[in-house]
Amino acid sequence: MKTMKLKHIFYTSLILILFVRVEFVLAQTSENRGEIVFESCKTCHSINRSEANMVGPSLFGVFGRKSGQVEGFRYSPALKKSNITWSLKNLDAYISDPQKMIPGNRMPFDGISSASDRADLLVYMQKVFK
Ligand code: HEC
């Protein structure tokens with residue numbers, strides 16, 4: 001009876017350890033892949049709180065923020081009027097096809113068609129913009 005219990009504990013621990021490791025590897029690769037995807041945004045957007053606007057507005061703290069609100073950045077009228085809150089879902093839609101979501105906005109970017117690339121990118125952005 002006692003050995004059964006010990007065995008049970010042993011196998012449960014083993015499974016837990018494996019599970020945690022797999023989770024860790026998955027999370028890490030998603031974030032790392034996202035960092036690579038973000039390379040295509042970096043030319044126009046800064047990610048640090050201290051950095052100023054570049055060709056595009058700073059994206060620091062973008063999650064939960066209203067669109068067109070970064071101080072000192074001259075937005076297009078379309079983006080200024082868009083009145084969107086940058087949730088995960090809205091960011092995903094915008095990055096997928098900026099012109100479709102906000103017609104007339106001036107982000108010179110075609111969009112990322114791969115849903116998994118966008119998912120990785122958003123995982124990365126959530127990590128760095130916190
Ligand atoms: C070639 C430059 C350029 C690239 C590349 C680019 N953006 Fe932009 N982005 C802009 C500009 C310019 C605007 C403002 C558009 C406007 O005012 O209509 C903008 C606006 C945005 C906004 C709205 C911000 C706000 O304050 O409302 C988000 C979010 C955004 N970009 C995310 C991204 C992401 C994520 C990527 C990479 C996948 C990316 N952009 C790539 C130039 C760029």
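**Close-ups of a five-helix chain and its ligand shell**

Sorted by class, the residues around the ligand come to 18 nonpolar, 9 polar and 1 charged. Keep in mind that this is a predicted model.

**View 1. The ligand and the residues around it**. We're looking at a shell of 28 residues, and the ones that come nearest to the ligand are Cys41, Cys44, Gly56, Ser76 and Asn105. Helices chip in here too: H1 (2–42), H2 (77–81) and H3 each supply at least two residues of this shell. Which helix has the largest share? That's H3, with 3 residues. As for the make-up of the shell, nonpolar residues number 18, polar ones 9, and there is 1 charged residue.

**View 2. The largest nonpolar core**. Ten residues make it up, so to speak, in one patch: Val37, Leu79, Leu91, Tyr94, Ile95, Ile102, Leu121, Leu122, Tyr124 and Met125. Two elements give two or more residues to this core, namely helix H3 (88–96) and helix H5 (115–128). H5 gives the most, with 4 residues. In soluble globular proteins, nonpolar side chains tend to be buried together.

**View 3. Zooming in on Val37**. Val37 is one of the residues of the largest nonpolar core. What does valine 37 touch once its neighbours within four places in sequence are left aside? Its contacts are Ile112, Asp117, Asp120 and Leu121. Of these contacts, Leu121 also belongs to the largest nonpolar core.

**View 4. Helix H5 on its own**. This helix has 14 residues, and going from its first C-alpha to its last takes you 20 Å, close to the 20 Å expected at 1.5 Å a residue. Which residues of H5 are buried? They are Arg118, Asp120, Leu121, Leu122, Tyr124 and Met125. An α-helix has 3.6 residues a turn, so residues three or four places apart point the same way. Leu121, Leu122, Tyr124 and Met125 turn up in the largest nonpolar core as well.

**View 5. Stepping back to the whole chain**. The secondary structure comes to 5 helices and 0 strands, running α-α-α-α-α from the N terminus on. Why call the chain more spread out than a compact globule? Because its radius of gyration is 20 Å, well over the 14 Å that the globule rule gives for 130 residues. Along the principal axes, the C-alpha atoms fill a box of roughly 75 × 30 × 25 Å. Buried residues make up 15% of the chain. Among contacts with a separation of 6 or more, 43% join residues 24 or more positions apart.

Conventions. Residues are numbered from 1 along each chain as its sequence is written. This is a predicted model: local features need pLDDT of at least 70, side-chain atom pairs count only at pLDDT 80 or more; totals for chains, interfaces and linings use all residues. A nonpolar core is a set of buried Ala, Val, Leu, Ile, Met, Phe, Trp, Tyr and Cys residues joined through C-beta atoms within 7 Å. A residue is buried if 20 or more other C-beta atoms lie within 10 Å of its own, exposed if 12 or fewer, and partly exposed in between; C-beta atoms are placed from the backbone. Two residues are in contact if their C-beta atoms, placed from the backbone, lie within 7 Å. A residue is near a molecule or strand if its C-beta atom, placed from the backbone, lies within 6 Å of it. Ala, Val, Leu, Ile, Met, Phe, Trp, Tyr, Cys and Pro count as nonpolar, Asp, Glu, Lys and Arg as charged, and the others, Gly among them, as polar. The expected span of a helix is 1.5 Å times one less than its number of residues. The radius of gyration is taken over C-alpha atoms; the globule rule is 2.2 Å times the number of residues to the power 0.38.
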